[in-house]
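Trainee: I am new to this structure and would like to look at a single part of it with care. Please choose one stretch and take me through its side chains, with enough of the surroundings for me to place it.

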Amino acid sequence: ILKDLELQLKKGIDNVEAQKEEIKKIESHQVELRVRSSKEIKEHETFKTSFEEALKAQKMRFDEQIQLLEQTKTAQIETLNTELCTSREAENFKLEVIKRGVSIISKTEKMESYLRNAEVHLNEEGEEIEDQYYLKSLKSW
């Protein structure tokens, strides 16, 4: 019985030793996994930081391009407004010139009509007598 007990004790001790070895292997593997996880976390953090910086730089470039486009569009709109105002002023000036021209033509036609239909009065010496009505109408035109 004692030998059986010794044998069982020895098997138990061997079994405990084997389990200790297994535990050591598991602990070693866990340490290895922690180290690997730690490296992966650091790599992920590095990648994340680099990605965020690149994203921030790209956003800044987009913002600059948007601002440049807005400035360009604003300048173009201001130029077009200036050109439109200048064009309107020129058109208004042309319209005024045309109105004055029409007015001058109208007055000229009236004077021509009056002169064609006017009677010429001569005095006894053959000199023309000025028509007061004609002189007054010239002033009113």
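Mentor: One definition is needed first: a residue is buried under 20% relative accessible area, exposed over 50% and partly exposed in between, using a 1.4 Å probe and protein chains only. By that scale Phe47, at 56% relative accessibility, counts as exposed, and Phe47 is where I suggest that you begin. This is a predicted model, in which local features need pLDDT of at least 70 and side-chain atom pairs count only at pLDDT 80 or more, while totals for chains, interfaces and linings use all residues. Residues are numbered from 1 along each chain as its sequence is written, and side-chain values use heavy atoms, with hydrogens and water left out.

Phe47 lies in helix 1, which covers residues 2-117, and Phe51 is found in that helix too, four residues further along, about one turn of the helix. Helices here are DSSP runs of H or I with at least four residues, strands are runs of E with at least two, and both are numbered from the N terminus. The structure holds one aromatic pair, and it is made by these two residues: the ring centres of Phe47 and Phe51 are 6.0 Å apart and their planes stand at 20 degrees, so the pair is stacked. For Phe, Tyr and Trp (its six-membered ring), rings pair if their centres lie within 6.5 Å, and planes under 30 degrees apart count as stacked, over 60 as edge-to-face and the rest as tilted. Whereas Phe47 is exposed, Phe51 counts as partly exposed because its relative accessibility is 49%.

Both rings also belong to a nonpolar surface patch of about 360 Å², which Phe47 and Phe51 make together with Leu55. Such a patch joins nonpolar side chains (Val, Leu, Ile, Met, Phe, Trp, Tyr) within 5 Å, while like charges are joined within 9 Å, and its residues have over 30% relative accessible area and no salt bridge.

Salt bridges deserve a look along the same helix, and the structure holds five of them, each being a side-chain nitrogen of Lys or Arg within 4 Å of a carboxyl oxygen of Asp or Glu. Lys59 and Asp63 form one of these, with their closest N and O atoms 3.0 Å apart; because the two residues are four apart in helix 1, about one helical turn separates them. Asp63 is partly exposed, at 36% relative accessibility.

Towards the start of the chain, Glu17 and Lys20 meet in a salt bridge at 3.9 Å, N to O, and these residues of helix 1 are three apart, again about one turn. Glu17 has a relative accessible area of 40% and is partly exposed, as is Lys20 with 44%. Further along, Glu96 is joined to Lys99 by a salt bridge whose closest N and O atoms are 4.0 Å apart, and their spacing of three residues in helix 1 amounts to about one helical turn. Glu96 is partly exposed at 37%, and Lys99 is partly exposed at 47%.

To place all this in the chain, note that it has two helices and two strands, which follow the pattern α-β-β-α along the sequence. Of its 141 residues, 1% count as buried, and the accessible surface (Shrake-Rupley method, 1.4 Å probe) comes to about 13,500 Å², with 58% belonging to carbon and sulfur atoms.

Finally, consider pLDDT, the predictor's confidence in each residue from 0 to 100. The chain has a mean of 86, and 87% of its residues reach 70 or more; among its elements helix 1 has the highest mean, 91, and helix 2 (residues 132-140) the lowest, 56. Where pLDDT is low, the predicted coordinates should not be read in detail.
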